[in-house]
Amino acid sequence: MRINGEITPQEEEEKGEAKTVRLSIQQPRKLVVVGYALTSKKKKSFLQPKLEVLARVFWAMRINGEITPQEEEEKGEAKTVRLSIQQPRKLVVVGYALTSKKKKSFLQPKLEVLARNKGILFVAIDLNRPLSDQGPFDVILHKLSGKDWCEVIEDYQQKHLEAIVLDPPDAIQHLHNRQSMLQDVADLDLSDCQGKVCVPRQMVVNKDPSSIPREVTKAGLKLPLVAKPLVVDGTAKSHELFLAYDEFSLSELEPPLVLQEFVNHGGVLFKIYVVGEAIKVVRRFSLPNISKCELAKVAGVFRFPRVSSAASSADDVDLDPSVGELPPRPLLERLARELRHRLGLRLFNIDMIREHGTQDVFYVIDINYFPGYGKMPDYEHTFTDFLLGLVQSKYKKRPAK
Ligand SMILES: Nc1ncnc2c1ncn2[C@@H]1O[C@H](COP(=O)(O)OP(=O)(O)OP(=O)(O)O)[C@@H](O)[C@H]1O
Ligand SMILES: O=P(O)(O)O[C@H]1[C@H](OP(=O)(O)O)[C@@H](OP(=O)(O)O)[C@@H](O)[C@@H](O)[C@@H]1OP(=O)(O)O
Ligand SMILES: [Mg+2]
């Protein structure tokens with residue numbers, strides 16, 4: 001809109017701050033979208049980095065006025081118009097490195113189309129080529145792990161201080177361990193926020209499963225317990241969870257594990273998606289309460305499936321308000337802000353439950369890096385606004401030349 005002159009000079013000036021510049025344009029500027037259907041051999045020989053980079057840079061230069069009115073006028077036919085702009089608009093290039101599963105769920109057509117209309121271009125990072133040959137990127141979005149990848153990202157950040165890496169690999173790493181992931185929540189004191197946020201009591205078992213019954217008793221953990229793999233590395237195995245009704249059966253499981261007290265919560269879980277400063281909450285069904293009577297009668301460990309997946313949405317269900325009422329907004333705002341700072345992350349989600357029988361005692365049971373945003377309502381708007389805001393604030397922070 002801005003580029004095509006659909007925002008009038010008057011509108012801009014009404015907002016104040018606007019600088020008036022003269023720009024000569026031959027025709028409205030628009031991102032030229034070229035779809036291609038080529039064999040991989042043709043793609044490789046034709047769509048070389050030099051072509052992609054030139055196409056991208058040329059667009060950005062025109063938008064930024066780096067191609068001067070003189071140059072345009074020399075070409076003849078140019079019409080001179082007055083355009084008021086607040087600051088130069090630039091194509092925001094977002095390089096992404098995601099698994100194919102993540103790419104499918106996140107980079108949906110509705111996101112790509114909206115992004116393109118807002119001047120954001122998503123570019124797949126080719127892991128087989130040096131990253132520096134593929135940029136320049138304004139933002140790098142990634143959810144890959146491994147030492148080699150971390151080194152690639154860190155090296156790129158050092159050489160391209162202007163690039164915004166979402167997020168730093170060492171900060172993401174902190175969430176790959178179920179013990180360290182909750183540590184920052186345990187350290188928080190959120191008084192005056194209309195509620196209390198706790199983490200379930202838990203212990204880590206690194207080896208020797210035969211010692212578990214003794215260790216559980218020593219630590220004073222109350223049954224039932226949820227047994228979770230210590231490391232969350234994106235594999236299906238790292239999401240294999242068990243419910244233990246007695247401590248002896250836990251010896252059957254394979255360490256390293258986290259044993260976490262099960263908190264009755266009325267079978268509803270709140271998934272709090274954080275995208276920079278934006279927060280969205282959805283409700284999902286979860287494990288039902290376990291009564292004292294059931295605990296007394298049952299023994300053993302039971303594997304349970306991914307109970308709170310997207311298919312278990314409880315958003316459009318008529319829930320008992322004592323269970324379904326969303327956590328208070330001030331509490332969520334403060335929790336998200338604190339975790340953003342303490343974790344040094346901008347893209348994550350918090351799994352939270354309300355202790356059954358209370359109105360305002362909440363437990364954080366899990367924090368995930370770059371969760372399934374594709375299932376967050378209106379994620380395409382939230383995400384594109386976030387990306388533009390990031391680049392804009394970086395631009396503002398730059399000292400004036
Ligand atoms: N301490 C707990 N008390 C009660 N229920 C729990 C507890 N921990 C986990 N659960 C139940 O198990 C489900 C999965 O737990 P958690 O989120 O820790 O596992 P996950 O494998 O990391 O799952 P995901 O990545 O899908 O969020 C939760 O949605 C909740 O239903
Ligand atoms: O698969 P989806 O897109 O739904 O996203 C899930 C994501 O898988 P992916 O990153 O491989 O895609 C999971 O990540 P890993 O722990 O396995 O790394 C975890 O964050 C889940 O909580 C996400 O589901 P959500 O809870 O947000 O619905
Ligand atoms: Mg999780």
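A polar contact is a pair of N or O atoms within 3.5 Å; inside the protein, one of the two must be able to donate a hydrogen and the other to accept it. With that in hand, here are the close-up views of this predicted model.

**View 1. Asparagine 349 and its partner, aspartate 351.** Let us start with a single side-chain pair. Asparagine 349 sits in strand 15, and its side chain makes a polar contact with the side chain of aspartate 351 at 3.1 Å. Is asparagine 349 buried or exposed? Asparagine 349 counts as buried because its relative accessibility is 0%, and the cut-off for buried is under 20%. Strand 15 spans residues 347–354 and is one of the strands that supply at least two residues of the shell around ligand 1, which brings us to the next view.

**View 2. The shell of residues around ligand 1.** Here 24 residues surround ligand 1, and the closest are Lys228, His239, Ser286, Arg306 and Ser308. Which strand gives the most to this shell? That is strand 16, with 3 residues. Strand 9 (225–229), strand 11 (257–261) and strand 12 are also among the strands that each supply at least two. Sorted by class, the shell around ligand 1 holds 11 nonpolar, 6 polar and 7 charged residues.

**View 3. Polar atoms facing ligand 1.** Zooming in on individual atoms, the side chain of lysine 228 places an N or O atom 2.7 Å from an oxygen atom of ligand 1. Glutamine 260 has a polar side-chain atom 2.9 Å from a nitrogen atom of the ligand. Glutamate 261 takes part through its backbone, with an N or O atom 3.0 Å from a nitrogen atom of ligand 1. Ligand 1 taken alone exposes 620 Å², of which the protein buries 94%.

**View 4. Ligand 2 and its surroundings.** Around ligand 2 there are 15 residues, with Lys101, Lys143, His239, Lys271 and Lys375 the closest. His239 will look familiar, as it is also listed among the closest residues to ligand 1. Helix 5 (100–106) and strand 12 (268–275) each contribute at least two residues to the shell around ligand 2; the largest share, 3 residues, comes from helix 5. The shell around ligand 2 divides into 3 nonpolar, 5 polar and 7 charged residues.

**View 5. Polar atoms facing ligand 2.** Which atoms of ligand 2 do the polar side-chain atoms of lysine 102 and tyrosine 273 approach? In each case the partner is an oxygen atom, at 3.0 Å for lysine 102 and at 3.3 Å for tyrosine 273. Asparagine 368 joins them, with a side-chain N or O atom 3.3 Å from an oxygen atom of ligand 2. On its own ligand 2 exposes 540 Å², and the protein buries 85% of that.

**View 6. The magnesium ion, ligand 3.** Asparagine 368 returns here. The magnesium ion is coordinated by Asp366 (OD) and Asn368 (OD1), at 1.6 to 2.5 Å. Aspartate 366 and asparagine 368 are both buried.

**View 7. Cysteines without a disulfide.** How many disulfides does the structure hold? The count is 0. Why is cysteine 193 not bonded to cysteine 198? The sulfur of cysteine 198 is the closest cysteine sulfur, yet it lies 13 Å away and is therefore too far for a bond, since a disulfide needs the two sulfur atoms within 2.5 Å. Cysteine 193 is buried, with a relative accessible area of 6%. Cysteine 150, at 17% relative accessibility, also counts as buried.

Note on methods: Residues are numbered from 1 along each chain as its sequence is written. Chains are lettered from A and ligands numbered from 1 in the order in which they are written. This is a predicted model: local features need pLDDT of at least 70, side-chain atom pairs count only at pLDDT 80 or more; totals for chains, interfaces and linings use all residues. Side-chain values use heavy atoms; hydrogens and water are left out. A residue is near a molecule or strand if one of its heavy atoms lies within 4 Å of it. Accessible areas come from the Shrake-Rupley method with a 1.4 Å probe; for residues, only the protein chains shown count as cover. Helices (H or I, at least four residues) and strands (E, at least two) are DSSP runs, numbered from the N terminus. Ala, Val, Leu, Ile, Met, Phe, Trp, Tyr, Cys and Pro count as nonpolar, Asp, Glu, Lys and Arg as charged, and the others, Gly among them, as polar. Buried means under 20% relative accessible area, exposed over 50%, partly exposed in between (1.4 Å probe, protein chains only). Donors are N, O and S atoms within 2.8 Å of the metal (3.2 Å for Na, K and Ca); water is not among the atoms, so sites may look incomplete.
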